[in-house]
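Biologist: I'm new to this one, and I'd love a close look at a single part of it. Could you walk me through one salt bridge and then show me what lies around it?

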Amino acid sequence: MVAGARGAPMEQKLSVIMAADVAGYSRLMELDEKGTLAALMAHRRELWDVEVAAHHGRIVKLIGDGMLVEFRAVEDAVLCAVEIQRGMRSRNAGIRPDRRMEFRIGINIGDMLFEDGDVYGDGVNVAARIEGLAKPGGVSVSSSVYDTLGGRLGIRFEDTGAQALKNIGRPVHIYNVFIDDAGSGPAVLMAPPSQEVRENPPVKSGRTLLHVSRFANLSGNPDREYFAAGITQVSSRHCRASPA
């Protein structure tokens, strides 16, 4: 911990970060302000709170129609997101398409900084940007999440490539999660741990490029996978090309 701007302790920790919001929320509020707010509260209480708790997560911030959720394990975060989106499909059944409430979810591994009841950090910013690119009713994850999962969950992904994110200086490789087998389009199975996925696209230059391989979790505790992935991500960020 370090001291914050007001002298209070600032907590910083590496976490699995889920960012979510409602697609088209302003339009829904314009159509029916009270009904939309009541539906949002019901979805949070009856679905989000239940699934987050079941998957060992913690809601750290609510921002209007959006929220930030912290998890200790990547598996828990991804499974929680999938179950929430499946639950929302059931809850939206029978509701007119223009009145359905659909969440977008983005997941990333990175630092979270807590100060004066608020949360900050590059990892939070990236998660929020990934969420903004997710499809309504969908889940998108960073390459750090994808790599850490390995093949353990058997979930299918769509590789969208390296994406430029607003106000983020580096491209981030993003994958869309197939909620079920009804999805269409190109899909890839989870890559085995030996296959490396680069976060940044190849660069042609006269410099020597350094590629940091994924750190292995040797503790025997699967809950520490996020830590190994985080070290990989930070190491990759700080390795710069050296002169040839």
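Modeller: Happily! Let's begin with E70 and K13, whose side chains meet in a salt bridge, 3.0 Å from N to O. Please keep in mind that this is a predicted model. E70 sits in strand β4 (residues 66-71) and K13 in strand β2 (residues 9-22), so their pairing ties together parts that are 57 residues apart in sequence. The two ends have their own surroundings: E70 is buried, because its relative accessible area of 5% falls under the 20% cut-off. K13 has a relative accessible area of 22%, so this residue counts as partly exposed. Nor does the pair stand alone, since salt bridges with shared partners join E11, K13, R58 and E70 into one network.

Stepping back, the count for the model comes to twelve salt bridges. One of them brings together the side chains of R91 and E46, at 2.8 Å from N to O. This one links distant parts of the chain, with R91 in helix α3 and E46 in helix α2 (residues 33-54), 45 residues apart. Both partners are partly exposed: R91 has a relative accessible area of 26%, and E46 has 43%.

Another salt bridge is formed by the side chains of E131 and R104, with 3.5 Å from N to O. Here helix α4 (residues 122-133) supplies E131 and strand β5 (residues 103-115) supplies R104; the two residues are 27 apart, and again the pair links distant parts of the chain. E131 is buried, with a relative accessible area of 8%.

Now for the nonpolar side of the picture. The largest nonpolar core has 37 residues, and M18, W48, I105, I107 and V141 are those with the most contacts inside it. Helix α3 (residues 74-92) gives the most to this core, contributing eight residues. That is the helix you met a moment ago as the home of R91.

I107 is a good place to pause. Leaving aside neighbours within four places in sequence, I107 is in contact with V16, I17, M18, A77, V78, A81, I130, V139, S140, V141, S142 and V145. Two of those partners, M18 and V141, are themselves among the residues with the most contacts inside the core. There is also a second, separate core of eight residues, which includes A19, F114, V119 and A127.

If you want one thing to find first, go back to where we started: buried E70, paired with K13 across strands β4 and β2.

Key. Residues are numbered from 1 along each chain as its sequence is written. This is a predicted model: local features need pLDDT of at least 70, side-chain atom pairs count only at pLDDT 80 or more; totals for chains, interfaces and linings use all residues. Side-chain values use heavy atoms; hydrogens and water are left out. A nonpolar core is a set of buried Ala, Val, Leu, Ile, Met, Phe, Trp, Tyr and Cys residues joined through side-chain atoms within 4.5 Å. Buried means under 20% relative accessible area, exposed over 50%, partly exposed in between (1.4 Å probe, protein chains only). Helices (H or I, at least four residues) and strands (E, at least two) are DSSP runs, numbered from the N terminus. Contact means heavy atoms within 4.5 Å. A salt bridge is a side-chain nitrogen of Lys or Arg within 4 Å of a carboxyl oxygen of Asp or Glu.
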